[in-house]
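Hi,

Here is the structure I said I'd pass along. Have a look at it first, and my notes follow underneath.

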Amino acid sequence: MAKSTHRNQLAPGISRLSRSQVFSKRAAYKVAKSAAAPATEAAPAAAPYTPYVKDDLLVQLTATPQDKVAATRVPRAKAVHKAQRAPRLRASITPGTVLIMLAGRFRGKRVVCLKQLPSGLLLVTGPFRLNGVPLRRVNAAYVIATSTTVDLTGVTVDAKFTDEYFKRSPTAKLQGTEEEFFGAAAQPQEHPAHKIADQKQVDQAVGAAIAQVPSLAAYLASSFSLAKGQAPHKLKF
């Protein structure tokens, strides 16, 4: 602690001024530092690498066995043997299982699992007329499988519902163009008519299976949430 007079002390050994205030009053920042920083010695430059030349007698006499092997070795691309396989689906998720979505714009919604796509994602539906969740792909890591199931015996999931089906068509962007500079807005992309028809067809088939179970439609229409004091790992879904 900096030395201070009795008038600058609140109690013996306790200064009234802080360290920054003492530093400012002493004007120590105005004193130029005379001690120069020690000069660091430059590291010695590494000797340039001399490749092995077979016709050079001096290189032949001074080369190490490693240099001779490296000169005769031909680099080859490493062969990668990896097959793209769909992740294994856990046993609690089957076609017709009611799932609770944990991420995305529909988090907390209850949906019906239809099948697993070749990419490993799940094809689910709300149905749309019950809770507003359309046909979409969901990662199995972000859902909770419940013990409630829907009998999809009479429901046929069309083979056209693949990963290619859900890819968006490319649209022209106005960012950085002359149209954007003059205030032109991008045209909103309309939902394809054939996908709307497919949604209605799936909702009709799944809705008929849901109507056979009492109170199942109201269960799917409600959203999942935790009350104060509830622990998810202690709940039975």
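In what order do the five strands of the open sheet come? Before I get to that, keep in mind that this is a predicted model. The order is β6-β5-β4-β3-β7, with antiparallel pairing. At the edges you'll find β6 (136–138) and β7 (143–149), and each has a single partner strand, so one side of each is left without a neighbour in the sheet. The sheet is also twisted, if you look at its strands: neighbours are turned by 45 degrees against each other on average, ignoring direction.

If you zoom in on the β7 edge, the partner there is β3 (residues 97–101), and the two strands pair in the antiparallel sense over four bridges. One pair to click on is T97, whose bridge partner in β7 is T149.

Next, turn to helix α6 (residues 193–211). This helix lies across β4 (110–116) and β5 (122–125), and it runs at about 75 degrees to β5.

Helix α6 comes up again in the largest pocket, which holds about 860 Å³ of space. The pocket's lining counts 21 residues, and those nearest its centre are P134, L135, F166, H191 and K195. Two elements, β6 and α6, give two or more residues to that lining. The largest share is from α6, with six residues. So what is the lining made of, by class? There are nine charged residues, seven nonpolar and five polar ones.

That's what I have for now. Shout if you'd like to go through it together.

Cheers

Key. Residues numbered from 1 in each chain as written. Predicted model: local features only at pLDDT ≥ 70, side-chain atom pairs only at ≥ 80, totals over all residues. Heavy atoms only, no water. Pairing = 2+ DSSP bridges. Axes fitted to C-alpha atoms, helices over the stretch in contact; angles between N-to-C directions. Contact = heavy atoms within 4.5 Å. 1 Å grid on protein atoms, 1.4 Å probe; cavity = no way out; pocket = protein on both sides within 12 Å on 5 of 7 lines; lining within 4 Å. Points joined across faces, edges and corners; volume = space filled by probe spheres on them. Nonpolar A, V, L, I, M, F, W, Y, C, P; charged D, E, K, R; others polar.
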